[in-house]
Amino acid sequence: QGTRLIREAAAQGAKYVLTPEVSNMMQLNRAALFEHLASEEDDKSLQAYRALAAELKIHLHIGSLALRYSPEKAVNRSFLIGPEGNVLASYDKIHMFDIDLPGGESYRESANYQPGETAVISDLPWGRIGLTICYDVRFPALYRALA
């Protein structure tokens, strides 16, 4: 589905395409998540996205991929891929979504993911872009650091 939509956008003239967060898998079950995680070097989806960017000659910004960081932790890593298929920049999500909701529902992203430490900016032909992921938007200090 994602590949089809990226191709569609490029066919309509897009030179920059951004995918959603965790574009390779969404998995709340820890055992299932870690069963399917791969390292950055071995992740098939990153390899496919790099080839697709090169084929379409576009800047492809992968919102993020869930990747193996260690036996106990994953990373939620964004990638900016250039028109030659090379990774121009990557960013690990800094702010983990840990929340308790009314009614007893809770999420603990930090239980499975290692937070990043550094804000990332990359240059594109038409300007600069900061790489952040979803929940990061609630932390204005991060954007002040990128400015």
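Author: Helices (H or I, at least four residues) and strands (E, at least two) are DSSP runs, numbered from the N terminus. The model discussed here is predicted.

Reader: Where is Val 22 found?

Author: Phi of Val 22 is near 40°, a positive value in a residue other than glycine. Most residues other than glycine have a negative phi. Val 22 sits in the loop between strand 1 (16-18) and helix 2 (30-36).

Reader: Does Val 22 count as buried or exposed?

Author: Buried means under 20% relative accessible area. Val 22 has 10% relative accessibility, so the residue counts as buried.

Reader: Is Lys 57 buried or exposed?

Author: Lys 57 lies in the loop between helix 3 and strand 2. Its phi is near 55°, again positive in a residue other than glycine. Exposed means over 50% relative accessible area. Lys 57 has 55%, so this residue is exposed.

Reader: Which helices and strands each supply at least two residues of the largest nonpolar core?

Author: This core has 15 residues; Tyr 49 and Ile 81 are among those touching the most other members. Contributions of at least two residues each come from helix 1 (2-11), helix 3 (44-56), strand 2 (59-68) and strand 3 (74-81).

Reader: Which residues does Tyr 49 touch, not counting those up to four places away in sequence?

Author: Tyr 49 is a member of the largest nonpolar core. With that sequence limit, its partners are Ile 6, Ser 23, Leu 60, Ile 62, Leu 65 and Ile 81.

Reader: Which strand gives the largest share of the lining of the largest pocket?

Author: The pocket holds about 440 Å³ of space. Its lining has 20 residues: 11 nonpolar, 4 polar and 5 charged. The largest share, 3 residues, comes from strand 6 (residues 106-108).

Terms used
Residues numbered from 1 in each chain as written. Predicted model: local features only at pLDDT ≥ 70, side-chain atom pairs only at ≥ 80, totals over all residues. Heavy atoms only, no water. 1 Å grid on protein atoms, 1.4 Å probe; cavity = no way out; pocket = protein on both sides within 12 Å on 5 of 7 lines; lining within 4 Å. Points joined across faces, edges and corners; volume = space filled by probe spheres on them. Nonpolar A, V, L, I, M, F, W, Y, C, P; charged D, E, K, R; others polar. Core = buried A, V, L, I, M, F, W, Y, C linked by side-chain atoms within 4.5 Å. Buried < 20%, exposed > 50% of the residue type's maximum accessible area, 1.4 Å probe, protein only. Contact = heavy atoms within 4.5 Å.
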